[in-house]
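Reader: I have a model open on my screen and a list of labels attached to it. Could you take me through how those labels were earned?

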Amino acid sequence: MLGHPGQPLAAAPLLGPSGYSNKKPDGQGSMASSTDPLAVIQRQLEIYNKRDVEEFMTLFADDCALLDLQTGTELARGKDSIRERYTKRFSAPGLKCILHARMAIGRVVVDKELITGLPDGKEANCMAVYQVNDQGLICRVRSACARSGHVTEACGSTADGAPLQASCVRRNH
């Protein structure tokens, strides 16, 4: 386990599947041109926290889809729709994403994140599952978030997508 439960991860270099760091050879910044999924998602986090929507959009495939992980609802598809969504999100001056955990298998990266500074003054605990294509572009994002002050249900599902009602957890935040 990296870090301590409830504490953000230290800003140590992340190693990709090939074992190399996502840092440039001079140790400064990330390698934006990398196709390594860990490096791509780390770069996405850095740009998200800068709230630079145009630079952010360079990391997405033209046909990328954003999906709600719990319901399967499509939240956005394509760069225009994603840009509109994040332009609104990035207008919050205090917006910040804090990474608590990350793992990767192949071209899939899973992050546990805390989003603070949302426009309504609330925060959200999120799990995001990113899929990165062979060109190093994010082609699918599935996320589930629990915002403070909201009731959420977290449910498992079978391999065919059917909900496992017995595994549902209902929590007040």
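Author: What follows is a run of questions about those labels, each answered by setting a value against a cut-off. Keep in mind that this is a predicted model.

Reader: Fine. What is the order of helices and strands in the protein, from the N terminus on?

Author: The protein has three helices and eight strands. From the N terminus on they run α-α-β-β-α-β-β-β-β-β-β. As for burial, 34% of the 173 residues are buried.

Reader: Let's start with Ser34, then. Why is Ser34 called buried?

Author: The cut-off for buried is under 20% relative accessible area. Ser34 has 12%, so the label is buried. You'll find Ser34 in the segment before helix H1 (37-50).

Reader: What does the side chain of Ser34 reach?

Author: The backbone nitrogen of Asp36, at 3.0 Å. A polar contact needs N or O atoms within 3.5 Å, and 3.0 Å meets that distance.

Reader: On to H1. What makes H1 "mostly covered"?

Author: A simple count: 11 of the 14 residues of H1 are buried. Among them are Pro37, Leu38, Ile41, Gln42 and Tyr48. The length of H1 fits as well, since its first and last C-alpha atoms are 20 Å apart, close to the 20 Å expected at 1.5 Å a residue.

Reader: Past H1 there's Arg51. Why is Arg51 called partly exposed?

Author: Buried stops at under 20% and exposed begins over 50%. Arg51 has a relative accessible area of 30%, so it falls in between and is called partly exposed. Arg51 lies in the loop between H1 and helix H2 (53-57). One more thing to look at there: Arg51 has a positive phi of about 60°, although it is not a glycine.

Reader: Now H3. How do you know that the span of H3 agrees with its number of residues?

Author: Take 1.5 Å a residue: the 12 residues of H3 should span 16 Å, and the end C-alpha atoms are 16 Å apart, so the two agree.

Reader: And why do you say the buried residues of H3 line one face of the helix?

Author: The buried residues of H3 are Ile82, Tyr86 and Phe90. Seen down the helix axis they fall within an arc of 60°, so they line one face. The face turned away from that buried side carries Asp80, Glu84 and Lys88, which are exposed.

Reader: Arg102 caught my eye. Why does an arginine like Arg102 count as buried?

Author: The label goes by accessibility: Arg102 has 11% relative accessibility, and buried means under 20%, so Arg102 counts as buried. It sits in strand E3 (residues 96-105).

Reader: Which side chains does the side chain of Arg102 make polar contacts with?

Author: One is that of Gln42, at 2.7 Å. Another is that of Asp111, also at 2.7 Å. Both distances are within the 3.5 Å cut-off. Separately, the C-alpha atoms of Arg102 and Met127 are 9.7 Å apart, with their positions 25 residues apart along the chain.

Reader: E3 also has Leu99. What makes Leu99 buried?

Author: Leu99, whose place is in E3, has a relative accessible area of 11%; that is under 20%, so Leu99 is buried. From C-alpha to C-alpha, Leu99 and Gln42 are 9.6 Å apart, although they are 57 residues apart in sequence.

Reader: And Ala124? Why is Ala124 called buried?

Author: Ala124 has 5% relative accessible area, which is under 20%, so it is called buried. Its place is in strand E5. The C-alpha atom of Ala124 is 5.9 Å from that of Cys145, a residue 21 positions away along the chain.

Reader: Last one, the largest pocket. How do you find the empty space, and how much of it lies in the largest pocket?

Author: Rolling a probe the size of a water molecule over the atoms shows where empty space is left. The largest pocket holds about 720 Å³. Of the 30 residues that line it, the closest to its centre are Arg85, Arg89, Cys126, Ser143 and Cys145.

Reader: Which element gives the most to that lining?

Author: E6, with six residues. H1, H3 and E5 are among the elements that supply at least two residues each. By type, the lining divides into 19 nonpolar, five polar and six charged residues.

Notes
Residues are numbered from 1 along each chain as its sequence is written. This is a predicted model: local features need pLDDT of at least 70, side-chain atom pairs count only at pLDDT 80 or more; totals for chains, interfaces and linings use all residues. Side-chain values use heavy atoms; hydrogens and water are left out. Helices (H or I, at least four residues) and strands (E, at least two) are DSSP runs, numbered from the N terminus. Buried means under 20% relative accessible area, exposed over 50%, partly exposed in between (1.4 Å probe, protein chains only). A polar contact is a pair of N or O atoms within 3.5 Å; within protein, one must be able to donate a hydrogen and the other to accept it, and residues adjacent in sequence count only if both atoms are side-chain atoms. On a 1 Å grid over the protein atoms alone, a cavity is a set of points where a 1.4 Å probe fits but cannot get out, and a pocket is an open set with protein on both sides within 12 Å along at least five of seven lines; lining residues have an atom within 4 Å of a point. Grid points are joined across faces, edges and corners, and a volume is the space filled by probe spheres set on the points. Ala, Val, Leu, Ile, Met, Phe, Trp, Tyr, Cys and Pro count as nonpolar, Asp, Glu, Lys and Arg as charged, and the others, Gly among them, as polar. The expected span of a helix is 1.5 Å times one less than its number of residues. The arc is that of the directions from the helix axis to the C-beta atoms.
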